[in-house]
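Colleague: Got the model open? I'd like to go through a few of the labels and hear the reasoning behind them.

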Amino acid sequence: MLLLGWVVGSQLGWIDPFVLPTPGQLGASLWKFVTQGYENHSFLAHVLASLFRTSTGFAIGVLAGVPVGLLMGYFPSVNAVLSPLFAFIRPIPVIAFIPLVILYFGIGEFSKILLISVTAFWYIVLNTANGVRSVPALFVQAAENLGLSRGQLFRHVMLPASMPFIMVGLKTAAALSWAVVVAAELIAAQRGLGHVIMDAGTFFNIPMVYIGIGLIGIIGLGLERALTYMETRLLHWQGK
Amino acid sequence: MAAPGAPRLELRDVTHVFRAPVPGVPDTLALEGVSLVLYDREIVSLVGPSGCGKTTILNLIGGFVKASTGHVLMSGREVERAGPDRLVVFQSPAVFPWLNVWDNVTFGAKHRGVHGREYEERARAALTSARLTGFEKHYPYQLSGGMRQRVQIARCLMLDPEVMLLDEPFGALDAQTRLDMQEWLLDVHVAYHPTILSITHDVDEALFLSERVYVMTPRPGRIQAEFVVPFGRPRTIDLLGSVDFVRLKAEILRLLHRADRDGRPA
């Protein structure tokens, strides 16, 4: 319905094409973006720049978040120390930290990746810790009974048993990491879809703003699908 | 027919109290002055009404819980922690759902540094004994309850257990499957000769499997009687209908019933 209204409205001249571009304008801008790039960088360079920041930040968030989450879930003392701190920081929007991050770490790639990894980290930690707490005592008893060491217990019981929860964390974190890339690219980026949107907005290039938003949405959907596919493959043992 | 020599497993005057987690809630006296003994390669059963502390005894021997007072001895040494010299067959199958049958069965052996060819052979033998050949790549959610319990027992057999502790592992199975499992357990005992302590409220099962049967009282759990089961081995299910079997069963049931009635507050 919305789509139809847009197409018909544009054709009949009811909508100001400056405020809402026509389908023709959008198509032309997208074609130009794909074939000629935007602002000295190719289409692929922009998309890959954003994907690179997201995936690197996400990977760091996961690699740091899973071990911390395992420890928080298993040791009440670790949880008692860290959880109030995390609960304090988690609700603060990551954008609020941008000035500080620029001040401390400059405007390079590191700052952008840091913001993304921190976002991913919170959600991975939270879900991993919940996962560990939900591991049935029976599994722990069985593992101890079979003579597993503490380290083996974490690696071979806690981690796989928490996987369904960790997977929820991964999906949330991936979606948020991808969303935060736009915010991260506010920091003087030369490439990336977030940069394209900001830059096009500054110059009232409204069609490019819509294209940037649309691409972020589509790629985000793709990421979610990929993780869901991974989930069904890895966690089939839940027998759902 | 208790074997001579030093006991493999012994409880000496064990009393156990579960402390209440908060003040104002009463503590629970679970076991009072329990003494029992298992000799090498014996099968002994512990029968009693639910809530009598049977599982607490198993948790003490398993090393999951420390007794308030008294001694829990394995081969004459005080039990300090859980360990694979006392393998527990849990009531609900403690198989790991993210591992297939093969990986579940070899789980303990693999992580204890038992090596390649040796454990592969042992695993094949255990799987054959458990009639799980052909299911190596299946996951627990694809198996029946009886098969899951066989996976759990096969995993124990891999480690050549000195002592096996059975926590009513057949309780949730249907009557036919339960009989199959009991017969299989007797075969396992012949092949692997572990010392077995079986906890159950099924008097048939206790008499069918055991050399001796301890009968417990309701809470606080005490040993009220010990029976020597006079039937030779091998035993078949025909035994379940014999006059001597039924007479012994009736006697144990009468004890359990009387204790239950007398134990109840007026």
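Colleague: Where does B:E211 sit in chain B?

Modeller: This is a predicted model, to be clear. B:E211 falls in the loop that links α6 (203–209) to β9 (212–216) of chain B.

Colleague: And why is B:E211 called buried?

Modeller: The cut-off for buried is under 20% relative accessible area. B:E211 comes out at 5%, so it counts as buried.

Colleague: What makes the pairing of B:E211 and B:R233 a polar contact?

Modeller: A polar contact needs N or O atoms within 3.5 Å. The side chains of B:E211 and B:R233 are joined at 2.7 Å, so the label holds.

Colleague: Zooming out, how many helices and strands does chain B have?

Modeller: Seven helices and ten strands.

Colleague: How do you know that chain B is as compact as a globular protein of that length?

Modeller: For 266 residues the globule rule gives 18 Å, and the radius of gyration of chain B is 19 Å; those are close, so the description fits. Along the principal axes, its C-alpha atoms fill a box of roughly 60 × 50 × 40 Å.

Colleague: What share of the residues in chain B is buried?

Modeller: Buried residues are 52% of the 266. As for the accessible surface of chain B, that's about 12200 Å², with 51% belonging to carbon and sulfur atoms.

Colleague: And how far apart are the mean positions of the positive and negative charges in chain B?

Modeller: 3 Å, taking 31 positive and 32 negative charges.

Terms used
Residues numbered from 1 in each chain as written. Chains lettered and ligands numbered in written order. Predicted model: local features only at pLDDT ≥ 70, side-chain atom pairs only at ≥ 80, totals over all residues. Heavy atoms only, no water. Helix = DSSP H or I, 4+ residues; strand = E, 2+ residues; numbered from the N terminus. Buried < 20%, exposed > 50% of the residue type's maximum accessible area, 1.4 Å probe, protein only. Polar contact = N/O pair within 3.5 Å; in protein donor to acceptor, adjacent residues only side chain to side chain. Rg over C-alpha atoms; globule rule 2.2 N^0.38 Å. Areas by Shrake-Rupley, 256 points an atom, 1.4 Å probe, with all protein chains shown as cover. Lys, Arg positive; Asp, Glu negative; His and termini not counted. Charge placed at Lys NZ, Arg CZ, Asp CG, Glu CD.
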